[in-house]
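Student: Could we go through this structure together, starting with its open spaces and then moving on to what is packed inside?
Tutor: Yes, let us put it on the screen and begin there.

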Amino acid sequence: TSPRLHAFPRRGALFLNCTSPSAWTIPSHMSIFTGLEPPAHRCIYYRDVGRINPEFVTMQRILSRHGFRTGAFTGGGYMSERYGLFAGFDTYSSKGKYFQQNLPDVWKWIATGGEEPMFLFVHGFDAHKMYWPPAPYRTLFAGNYQTRYPAKRFCKPGAPKPGPLDLEYIVSLYDGEIRWVDDTIAGFLDALEQRGILEESLVIITTDHGDEFFDHGRCDHIHSLYDELVRAAWIMVGPSIPQVVVRDHVGTLDILPTVLEVLGIESDLSFQGVSRVNALTPGDEPRDADVFSFTGMSGAPYHLSSVRTLRWKLITDLPCGRKNKHCPLCLEDGHKQVDMKLFDLQSDPGEQYNLIVEYPEL
């Protein structure tokens, strides 16, 4: 589904085992830009997310202090200015949800910069619900699908649950969106190369979350911390980045400290992410790490946390601190039982078999 993005890391580093700090847009991006986990920046809950603390030092503020002009071009929505994440960018713009709608302004911004170093952030909701890519991507992976499932209503309240063939069709539309992203980003990178910009640039391609297609009985994202939602992409290409496939366990939380070390920028800030420059020199065995993820729904309410290593994944439904008659785990006094799930990802990568009873000490 993404031949160009699969080929691009041959020019640099591909992080195979990367975990996102959350299962939805805002907390994941705020962690990328601050190097802090969601409980630290406190933007976790869907519908009750609030604004980021303006005192937090972000990637754009650090780079701006070191002479970079900074520009952000996003798909709006939960990536709009009102959440405070983009404070400190010299330029912020959103002309639409998709990459193609914002790229004309990106090129104008690049053209006005001269020789000044730049930090550019480009974001799009192209591979995202609702799954309805433009032609020809809409039918690229659909095969001979014939039935009339209302694809635009998939995973909306009241929508019919898809049968197996319907679900295959929905996934084919998502795959079409991925190819659309692949072609769009590849074209952008090709144009950067033609202008002589790419060879002088550190390029990072990453994702904030995935989507579920009834892998665990539900669809969309936010609601769980299984790997289909929190396994993330991280590709890094640049003049000083060797050609390497990194098998260490890392998180997108590590992007900011890694960028600073690659650029030779020293900082006395305390990040919860760590630089992964040492991972660009592979050892005999992949280096492991505990990587944490968090998500929550303020209206339910629930608060899910997970810790993942290369082999193990523990997911806990933690006490939310609020009494809720609709919450099956809430007790009479408002406290919650802690629900825990443990998975052996070596033997059960789909996270189907809860081993918490077999391994209580772990």
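Student: How much space lies in the second largest pocket?
Tutor: This is a predicted model, and in it about 540 Å³ of space lies in the second largest pocket.

Student: Which residues are closest to the centre of that pocket?
Tutor: The pocket is lined by 31 residues, and those closest to its centre are Tyr 46, Lys 129, Cys 155, Asp 220 and His 221.

Student: And how does that lining divide by class?
Tutor: The lining of the second largest pocket has 16 nonpolar, 8 polar and 7 charged residues.

Student: What about cavities, how many of 30 Å³ or more are there?
Tutor: The count comes to 1 cavity of 30 Å³ or more, and the largest cavity holds about 30 Å³ of space.

Student: Which residues line the largest cavity?
Tutor: Its lining is made up of Ile 26, Met 30, Tyr 78, Met 79, Ser 80, Tyr 83, Leu 85 and Phe 86, which divide into 7 nonpolar, 1 polar and no charged residues.

Student: Ile 26 and Met 30 make me curious about helix α2; is α2 largely enclosed or open?
Tutor: Helix α2 covers residues 25–34, and 10 of its 10 residues are buried, so the helix is largely enclosed by the rest of the structure. Ile 26 and Met 30 are among those buried residues.

Student: What covers the buried residues of α2?
Tutor: The covering parts include α3 (38–41), α4 (59–65), β5 (118–122), β6 (203–206) and α9 (255–263). Just after the helix, Gly 35 takes a positive phi of about 70 degrees.

Student: Changing topic, how many aromatic pairs are there in the whole structure?
Tutor: A search of the whole structure finds 24 aromatic pairs. In one of them, the rings of Phe 33 and Phe 89 have their centres 6.2 Å apart and their planes at 75 degrees, so this pair is edge-to-face.

Student: Where do Phe 33 and Phe 89 lie?
Tutor: Phe 33 lies in helix α2 and Phe 89 in the loop between β3 (69–73) and β4 (91–93), so the pair ties together parts that are 56 residues apart in sequence. Both Phe 33 and Phe 89 are buried.

Student: Which residues do ring pairs link into a cluster?
Tutor: The cluster consists of Phe 33, Phe 86, Phe 89, Tyr 92, Phe 119 and Phe 121.

Student: Last one: what lies over the face of Trp 109?
Tutor: Arg 69 does, at 3.9 Å from the ring centre, and Arg 195 lies over the face of Trp 107, at 4.1 Å from the ring centre.

Methods. Residues are numbered from 1 along each chain as its sequence is written. This is a predicted model: local features need pLDDT of at least 70, side-chain atom pairs count only at pLDDT 80 or more; totals for chains, interfaces and linings use all residues. Side-chain values use heavy atoms; hydrogens and water are left out. Buried means under 20% relative accessible area, exposed over 50%, partly exposed in between (1.4 Å probe, protein chains only). Helices (H or I, at least four residues) and strands (E, at least two) are DSSP runs, numbered from the N terminus. Contact means heavy atoms within 4.5 Å. On a 1 Å grid over the protein atoms alone, a cavity is a set of points where a 1.4 Å probe fits but cannot get out, and a pocket is an open set with protein on both sides within 12 Å along at least five of seven lines; lining residues have an atom within 4 Å of a point. Grid points are joined across faces, edges and corners, and a volume is the space filled by probe spheres set on the points. Ala, Val, Leu, Ile, Met, Phe, Trp, Tyr, Cys and Pro count as nonpolar, Asp, Glu, Lys and Arg as charged, and the others, Gly among them, as polar. Rings of Phe, Tyr and Trp (its six-membered ring) pair if their centres lie within 6.5 Å; planes under 30 degrees apart count as stacked, over 60 as edge-to-face and the rest as tilted. A charge sits over a ring if NZ of Lys or CZ of Arg is within 6 Å of the ring centre and within 35 degrees of the ring normal.
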